[in-house]
There are 2 protein chains.
Amino acid sequence: MSEEKEVTIYDIARHLNISATTVSRGLKDHPTINIKTRRKIAEAARQLGYRSNTFASSLRSKRTQTLGVIVPRLNSNFMSSVLAGMENAASREGYNLIIAQSLERADKEMDNAQTMFNKRVDGLLVSLAYGTESIRHFDDFFSRKIPVIFFDRVAVHPESTSIIIDNHAAAYQVTQHLIEQGCKRIMHLGGNMALNVYSERLRGYKQALRDHKIAFDEKLVLTGNLSEDFGASTAAHILQLKHKERPDAVFSANDTAAVYCMIALKQAGLSIPKDIAFAGFNNDPISKVIEPNLTTVNYPGYNMGQAAVNTLASHLNGETSITDTNTIVLRSELIVRDSSQKNIPSR
Amino acid sequence: MSEEKEVTIYDIARHLNISATTVSRGLKDHPTINIKTRRKIAEAARQLGYRSNTFASSLRSKRTQTLGVIVPRLNSNFMSSVLAGMENAASREGYNLIIAQSLERADKEMDNAQTMFNKRVDGLLVSLAYGTESIRHFDDFFSRKIPVIFFDRVAVHPESTSIIIDNHAAAYQVTQHLIEQGCKRIMHLGGNMALNVYSERLRGYKQALRDHKIAFDEKLVLTGNLSEDFGASTAAHILQLKHKERPDAVFSANDTAAVYCMIALKQAGLSIPKDIAFAGFNNDPISKVIEPNLTTVNYPGYNMGQAAVNTLASHLNGETSITDTNTIVLRSELIVRDSSQKNIPSR
């Protein structure tokens, strides 16, 4: 085993014949140190093999080998896959996970962040709450160079990386697929448009309509909490529309709303996909059980969890830096099933 | 607010005019302290209002306000509900949760336990892995009086409490319900019989048959991993049986196997519940989507998670002791849906 000693700011200070405080400030890009000196310090740090993360962590007393995870809700199919992937990667990298749920509330997310900070986590993984409008409550982390990674529901910050799927492209693909099946009045069921995941899906839907010369009709976009009840009430809304105003397809931003809308429409005697085609999002287990099986987008929760932890670990090991990376986009895929295929005989 | 000071071993030592070391050892029932002295110490501790849990935690440097959670897999519908309940209770009680998954392997569970121990968790919540045959790897916790609570998949230990549902009674109820529908050849799909949850369900099934004078037929019990594939292959097995050997009902120990068995049988032209009635276990989201909807047992994961953390917190606060409680049994309920109702016209 290598016995090589870790290079410290004192080694850099000795090398440059300046004070350790100056080195420390220089590495932080502190404005009181002039640019030339900052450059000299950075060069010496590189030459001597100083690891920047050592610096970041030396701001606190010691590493805890613990990562904090804040999610809106633990009990969702997607989030449990994410957590499983995170735990797998974390245990391989020698980290423990501390978990907390915001219950979609900004105030609880603030509390969670404070708790994680006090627990001295080495890094933080966050999927933002429905109610979150600012990410100022993570400032303590940013100012102390404790890395924060946002995943799925993300916010842009210069010192953070976001891990997402290309929601715009996925929604575009779904909508285009429905258009190719001959659908012209495609309804979109969306969530809170303040969240990137839902606003991007709406944008992708609109773009596909535009590219296929289909006029966008505001009345065909319904937003809500995408619950079972929302799905059922959407069906009731569709049924009371005049025939020529009815959609010939529904693209829902999750599977739950799509499935419960289908169930209610089937009970009312409509045939799927003949009367109305359906597509969802997430590839939840229910999408393979509903009849006809639901066309959907496979959302790689497990991979997203692994990628988030691996990125954080690699930053903490000083191998890569999350301040260099803005966004990591994971592959998602359209899974075409019977609920959207108008061109084949119904089974 | 009360300003009363916590009673320490030094108070007891002064009171009895002996050394604090003797008090500490006496409270630990250390063999080097004679029985009479141990009794005197215990009495003084009671008189002065010394809290035993303070003692337990004083064995370690300090409380971490952290609870460890070890589960077989994070990505299951049941476990994500449990975790959500745990997080809710933990955050109310001021504890953080560290999570780990054993991936059903005993060796990983041992590693997890060691990690949690090194992280100095104040208490441990465990649902045992498929492969676990002994709980010796929790001895470090027991010997240091760090409370361990088993939930769902449990093991008996004098210093631990188990939190479960009455699997025997639930399975009895399901089987009796199927018998009341006129079923006489009821197949049971079970899991690893080394685990309490599955062995108890088998026992409940057998007891109900016995009480209704139906002979137990070994050939009607299939065990496996209760996956989608297991459900589908069970259907293939049923279809190749001679007509009079076919079951007229299937009671599966989870919903997944029941649902995928139903899907395959329906594809083969069988009618449910007319030809074969079905019942599952867990009340997973798919049970409300399969047609006909699946009769099942509602498994209160969220409540189980809350109860486990509340019990642990109450022990750590010195309000109750888990060494006094052997088992906490939560209510589950039979949810009768169309898949098992032979006596009503099929919809």
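**Group meeting: domain and chain contacts in a two-chain model**

Okay, let's start inside one chain: domain 2 and domain 3 of chain A bury about 1000 Å² between them, and carbon and sulfur atoms give 53% of that. On the domain 2 side, N77(A), Y130(A) and I165(A) lose the most area to domain 3, and together they make up 54% of what that side buries. Before I go on, keep in mind that this is a predicted model.

Let me back up and give you the layout. Chain A is divided into domain 1, at 9–50, domain 2, at 66–165 + 301–331, and domain 3, at 167–299 + 334–340. If you take the centres over C-alpha atoms, domain 2 and domain 3 of chain A are 30 Å apart. Eleven residues of domain 2 are in contact with eleven residues of domain 3 in chain A.

So what holds the polar side of that contact? Between domain 2 and domain 3 of chain A the count of salt bridges is zero. What you do get is seven residue pairs in polar contact, both residues at pLDDT 80 or more. As for where the domain 2 side comes from, the elements giving two or more residues are helix 5 (77–93), strand 5 (160–165) and helix 12 (301–316) of chain A. By class, that side has seven nonpolar, two polar and two charged residues.

Right, now the contact between the chains. Chain A and chain B bury about 2700 Å² between them, with 53% of it on carbon and sulfur atoms. On the chain A side, E87(A), I99(A) and V289(A) supply 21% of the buried area, more than any other three residues. In terms of residues, 34 of chain A are in contact with 34 of chain B.

How many salt bridges are there between chain A and chain B? The count is six. The one I'd put on screen is K108(A) with E87(B), where the side chains meet at 3.6 Å, N to O. There are also 14 residue pairs in polar contact between the two chains, again with both at pLDDT 80 or more.

Which elements of chain A give two or more residues to the side that touches chain B? They are helix 5, strand 2 (96–101), helix 6 (106–118) and helix 11 (255–267). Helix 5 of chain A has the largest share of that side, with seven residues. Sorted by class, the chain A side has 15 nonpolar, twelve polar and seven charged residues.

Stay with strand 2 for a moment. Strand 2 of chain A and strand 2 of chain B, residues 96–101, run antiparallel and are joined by three bridges. To find the register, look for L97(A), which stands opposite I99(B) in strand 2 of chain B.

Last bit: some backbone details to check while you have the model open. The peptide bond joining I272(A) and P273(A) is cis, with omega about 10 degrees. P273(A) sits in the loop between helix 11 and strand 9 (277–279) of chain A. Over in chain B, the bond from I272(B) to P273(B) is cis too, omega near 10 degrees, and P273(B) lies in the loop between helix 11 (255–267) and strand 9 (277–279) of that chain.

And then there's Q65(A), which is not a glycine but has a positive phi of about 55 degrees. You'll find Q65(A) in the loop between helix 4 (52–58) and strand 1 (66–71) of chain A. That's it from me.

Terms used
Residues are numbered from 1 along each chain as its sequence is written. Chains are lettered from A and ligands numbered from 1 in the order in which they are written. This is a predicted model: local features need pLDDT of at least 70, side-chain atom pairs count only at pLDDT 80 or more; totals for chains, interfaces and linings use all residues. Side-chain values use heavy atoms; hydrogens and water are left out. Domain bounds come from an automatic or database domain assignment. Contact means heavy atoms within 4.5 Å. Buried area is the accessible area (1.4 Å probe) that two parts lose on being put together, summed over both. A salt bridge is a side-chain nitrogen of Lys or Arg within 4 Å of a carboxyl oxygen of Asp or Glu. A polar contact is a pair of N or O atoms within 3.5 Å; within protein, one must be able to donate a hydrogen and the other to accept it, and residues adjacent in sequence count only if both atoms are side-chain atoms. Helices (H or I, at least four residues) and strands (E, at least two) are DSSP runs, numbered from the N terminus. Ala, Val, Leu, Ile, Met, Phe, Trp, Tyr, Cys and Pro count as nonpolar, Asp, Glu, Lys and Arg as charged, and the others, Gly among them, as polar. Two strands pair if DSSP finds at least two bridges between them.
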